Amino acid sequence: MPPRALQTAALGMQTQQTRVDNIANNLANANTTGFKRSRAVFQDLLYQNVQADGAGEGTGAEPAELQIGHGSTTVATMRNFSQGGFTKTGNSLNMAINGDGFFQVRRPDGSLAYTRDGTFTLSSNGNIVTQTGMQVEPNINVPPDAMEIDINQEGVVSARLQGESEMIELGQIELARFSNKNGLRAVGGNLYEKTEASGEPFLGAPGRNGMGTVRQGFLEKGNVEVVKEMTNLIQAQRTYELNSKMVKTSDNMMQTANNVKR
Amino acid sequence: MLLRLENAAAAMNALRHSQEITANNLANANTTGYKRDRFFTEALNERLDAERAPRSDRRLQQVADISPGAIKQTENPLDVALGGEGFFEVRPEEGDATHYTRAGHFTVGKEGTLRTPDGRQVMGEGGPIQIPVDESGDINIAKDGTITVGDQQVGRLKVVSVDNPAQMERREGASFVAGGATPEPMDAPTVLQGMVETSNVSPVEEMTNMIQTSRQYEAQQRSLQATNDTLSRATQDLGQL
């Protein structure tokens with residue numbers, strides 16, 4: 001007898017394992033600035049049509065057509081881009097987006113990536129860059145003699161230079177929005193890149209046309225809800241256990257079948 | 001006597017299929033929009049045989065339980081759940097099959113059309129739905145299934161109702177094909193954006209089924225062995241005469 005129930009249950013265990021892995025990743029990033037939680041999406045597998053023999057003297061009705069499934073598989077992981085909380089850092093180059101939109105950063109290969117992590121700093125030549133040295137787009141250069149940097153909610157960066165009393169404007173932070181941000185691909189390091197599904201970004205100043213506002217001196221926390229993740233974890237673990245019981249029971253049934261002839 | 005052997009073997013076979021169905025339900029305890037399979041044994045031709053003993057033919061039957069699963073909020077603008085009855089219509093790339101599903105977990109896929117995660121096209125009232133992701137504006141799906149991107153209306157999700165869902169046949173992706181059922185377009189569906197319907201599998205119930213099936217399987221095996229023992233004793237005793 002083909003151990004179909006055994007395989008089906010094993011696949012059930014595998015999908016729950018994926019779910020646990022995903023929850024573990026969420027929990028591990030509960031304190032990662034700008035992290036967005038994700039969840040795994042499952043689907044059932046193909047169905048086989050089986051003729052089940054009826055029991056009886058053979059005079060009865062036609063055998064029933066059964067459809068036997070083959071378990072489940074992971075088809076996607078979906079990210080949830082809901083707003084995270086804020087932490088005050090007081091660092092004048094830390095920014096959080098309150099609302100929709102992403103910061104644009106230029107990767108070493110010249111392509112653009114998008115992030116919600118506004119932990120910025122100054123490079124050796126005064127450009128605003130990420131912690132890993134990627135330049136924020138459009139580039140804003142802060143002169144070395146800047147004493148005080150101010151970023152307003154609409155993303156205008158200004159500075160007071162040494163010996164001056166007036167603030168001078170240095171540049172404008174531009175945010176990117178997507179019609180379908182769930183189509184973005186996570187590439188690690190808190191960065192996302194556009195795909196065919198996300199479409200091209202539309203750009204704009206913070207606080208206008210649906211863009212969020214920029215908060216200087218704050219960072220956006222991860223949007224992981226620890227209690228919710230823990231509940232999901234318990235659920236996944238229990239379902240894993242149930243599937244493993246099914247593996248054991250199917251094994252016992254096969255043994256029973258083997259013992260028909262003593 | 002030989003009939004009893006045959007009966008026990010057939011019962012074991014049916015129980016094996018029951019267990020496979022239960023295993024599939026359990027494996028899909030977290031599958032979006034999955035409808036659990038129920039099985040039952042149908043008895044036919046109940047009668048008395050030559051020895052005046054009751055006899056019947058039996059066969060295992062299966063039916064999808066289409067009762068709704070819990071609705072879970074996901075906040076993804078392309079996730080939709082149906083409040084109340086109905087099915088979304090989706091089409092695989094290959095072939096001309098039409099699938100019906102309540103798993104409203106959609107994404108923008110190949111060629112900018114609305115698709116399921118495994119690449120089947122989601123049907124609108126006028127065919128596949130194009131989502132112009134390059135245009136500025138949020139994706140909104142109204143209660144009646146109308147999809148707008150910004151102020152531009154891009155289509156309306158086709159929702160059908162099925163009178164006799166027991167006639168439908170299963171396909172992968174928590175879907176069904178019409179089979180003997182006749183899907184009719186629904187006038188006023190309730191489409192809920194940012195939510196999905198979870199699996200309607202109750203793990204405890206499946207667990208109970210699992211235990212029950214495995215015990216019945218053992219019982220049938222014992223009956224088979226007992227019959228076999230009786231038969232072998234009969235042949236031995238007869239041989240001594």
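Okay, quick one to start: in strand 12 of chain B, which residue is the bridge partner of B:Ile141? It's B:Ile147. Keep that pair in mind, we'll build out from there. One caveat before I go on: this is a predicted model.

So, the sheet around that pair. Strand 11 of chain B and strand 12 of chain B, residues 146-149, pair in the antiparallel sense over three bridges. They belong to an open sheet of three strands in chain B, order 11-12-13, and the pairing is antiparallel. Strand 11 (139-141) and strand 13 (152-156) of chain B sit at the edges with a single partner strand each, so one side of each has no neighbour in the sheet. From one strand to the next, the twist averages 25°.

Over to chain A. Here we also get an open sheet of three strands with antiparallel pairing, and the order is 12-13-14. The edges are strand 12 (146-151) and strand 14 (167-172) of chain A; each has a single partner strand, so one side of each is left without a neighbour in the sheet. Neighbouring strands in this sheet are turned by 25° against each other on average, ignoring direction. Strand 12 of chain A pairs with strand 13 of chain A, residues 156-161, in the antiparallel sense over five bridges. If you want a residue to click on, A:Asp150 stands opposite A:Ser158 in strand 13 of chain A.

Now the backbone oddities. Most residues other than glycine have a negative phi, and most peptide bonds are trans. Against that, the peptide bond from A:Glu137 to A:Pro138 is cis, with omega near -15°. A:Pro138 is in the loop between strand 11 (135-137) and strand 12 of chain A. In chain B, look at B:Glu111: not a glycine, but its phi is positive, about 60°. You'll find B:Glu111 in the loop between strand 7 (107-108) and strand 8 (114-115) of chain B.

Next, where the chains meet through helices. Helix 2 of chain A (residues 226-258) and helix 2 of chain B (residues 203-240) pack at an angle of about 10°, with their axes 10 Å apart. Angles under 35 degrees count as roughly parallel, and that makes helix 2 of chain A roughly parallel to helix 2 of chain B. On the chain A helix, the contact residues include A:Leu242, A:Met246 and A:Met253; on the chain B helix, B:Met207, B:Met210 and B:Tyr217 are among them. By class, the contact splits into eight nonpolar, four polar and two charged residues.

Last thing, and probably the bit you'll want to poke at: the largest pocket. How many residues line it? There are 35, and A:Arg19, A:Arg39, A:Asn232, A:Gln235 and B:Lys72 lie nearest its centre. The volume of the largest pocket is about 830 Å³. The elements giving two or more residues to its lining are helix 1 (4-28), strand 1 (38-44), strand 4 (72-79) and helix 2 of chain A, together with strand 3 (71-73) of chain B. Helix 2 of chain A gives the most, with eight residues. By class, the lining has 10 nonpolar, 16 polar and nine charged residues.

So helix 2 of chain A turns up twice: it packs with helix 2 of chain B, and it contributes to the lining of the largest pocket. That's me done.

How values were computed: Residues numbered from 1 in each chain as written. Chains lettered and ligands numbered in written order. Predicted model: local features only at pLDDT ≥ 70, side-chain atom pairs only at ≥ 80, totals over all residues. Heavy atoms only, no water. Axes fitted to C-alpha atoms, helices over the stretch in contact; angles between N-to-C directions. Helix = DSSP H or I, 4+ residues; strand = E, 2+ residues; numbered from the N terminus. Parallel < 35°, antiparallel > 145°, perpendicular 65-115°, else oblique. Contact = heavy atoms within 4.5 Å. Nonpolar A, V, L, I, M, F, W, Y, C, P; charged D, E, K, R; others polar. 1 Å grid on protein atoms, 1.4 Å probe; cavity = no way out; pocket = protein on both sides within 12 Å on 5 of 7 lines; lining within 4 Å. Points joined across faces, edges and corners; volume = space filled by probe spheres on them. Pairing = 2+ DSSP bridges.
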